[in-house]
Amino acid sequence: MYAAASGVLIEPLADAWCAFSPLSGQTHLINDTSVAILEHLQAAGHATVADLCALLAEETGQPATEAVEMVAGALNTFVLAGLARCLPA
Amino acid sequence: MSAGRAGETALPIEVSRAPGPPAMASPAPLTADRVAELLTGSGLVLDLGLARVRVRSPLAWPAAAQIATAYRHFGADADAEPGNAAPPWADLHLDLRPGLGLRRWVRPQVRLLADGLTAFEPFPAAQVLPLLEWGANWLIGRRMNDVLLLHAGTLARDGRALLMPALPGSGKSTLTAALVTRGWRLLSDEFGACDPASGLMRPCVKPVALKNASIDVIRRFAPAAELGPSFEGTRKGTVAHLAPPAASVAARHQAAVPALLVIPRWQAGSATTLEPITPESAFTSLAFNAFNYTALGATGFRTVLGLVRRMALWRLVYSDLEDATQRLDALWSQLAADAPAPAPTPLAHDAAVAPHAG
């Protein structure tokens, strides 16, 4: 289960997005898929890898099972960057 | 700034200074004798625009002559005049002291105390000005967290700012000095100070520090440039200081609208290339070249984003200074033709001073 870190700012910048984490003080350039995941976490409060895969499958038309590895990897990166938090099960 | 900003205000910028008199419209010339008198008395208060720095020292000479040369167009603040009981307000405090022990007399040294603390190793006593300049820059970089401080040469024309962020050794100061000698208003050769509330660039007018080969480059480029003496054998080699022009000093409380970002890089033997860059690349450059991006947190993020969104974004590679300045002038003219000049933006406490367009 994952949640967005508090206070994360996401702003469009040309063809990409900038995300700032007050938790880590880091700024990252991220792509549209990353924004979709982070915005869903911010809106829903929390989500599982399966929830996020279902969301992406709905938006892209790709099978949810093909997104598992990518979503799990992205969430790990977000946690390290201070953009998301891993919640206890 | 320790005085603090008055608040998140719209234009014009309001800066509170407590207590602080209005700046003098026509300051008395800063002579070596006057500098010596102030250094050894209540202190010499240098109003740089972004900050006021008080310098004190029992070492009147050679400090006075060196400071008077580099800051020739600055006036000593009115509140430092004899007979004025109010102590001069200053944001930052520097003390130049003689070396300790034998180094007071044998190969004499000078020490710098920044806000009462020793921040640097002593310098030879004859190198007072380089020590003072580095110390002041160090202190500004650490303390002025009410603005986003970029490591950048910053100039202005017609109220609009040209911002040149770069790493040391990129030719930033040389290019800044060259443009100043061609009539651009100097905001700073070291600090691009962006006010987060207004998004405007604030001047921090100090002498332009030129190093090594750059000194002769500028002497050839502009023989009439007001360059002070060369200090040889400093920790950064030979250093000389270009005095800020009187017009830049007079406009040191005049903010400018950020208009053009140019990331400069001097490369021996290269042809001049001036090309647009992506917003992502510009964002990375600005954030990387900011002294206090991390310290400002979300404010730093929003301020950098605002700069990237409102400026034209370019990269310059050059070796020929004449060609580079001409190309920048041409680009500037092209951009200016597309946008009307903004209204002057004096700081509120300087409202009594006649506005001076950059």
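Let's start in the middle of a strand pair: B:T154 stands opposite B:L163 in β8(B). This is a predicted model, in which local features need pLDDT of at least 70 and side-chain atom pairs count only at pLDDT 80 or more, while totals for chains, interfaces and linings use all residues. Residues are numbered from 1 along each chain as its sequence is written, with chains lettered from A and ligands numbered from 1 in the order in which they are written.

Strands here (E, at least two residues) and helices (H or I, at least four) are DSSP runs, numbered from the N terminus. Two strands pair if DSSP finds at least two bridges between them. β7(B) and β8 (residues 160-165) of chain B do so in the antiparallel sense, over six bridges. Two residues sit between the strands of this hairpin, where B:D158 takes a positive phi near 50 degrees. β7(B) also pairs with β10 (residues 191-194) of chain B, antiparallel again, over four bridges, and there B:H151 stands opposite B:F191.

So how buried is strand β7 of chain B? 10 of the 10 residues in this strand (148-157) are buried, so the rest of the structure largely encloses it. Buried means that 20 or more other C-beta atoms, placed from the backbone, lie within 10 Å of a residue's own; exposed means 12 or fewer, and partly exposed is in between.

Now hop over to chain A. Three strands form an open sheet there, in the order β2-β3-β4, with antiparallel pairing. The edge strands, β2 (9-13) and β4 (27-30), each pair on one side only. Four bridges join β3 (residues 16-20) to β4(A), and A:F20 has A:T27 as its bridge partner in β4(A).
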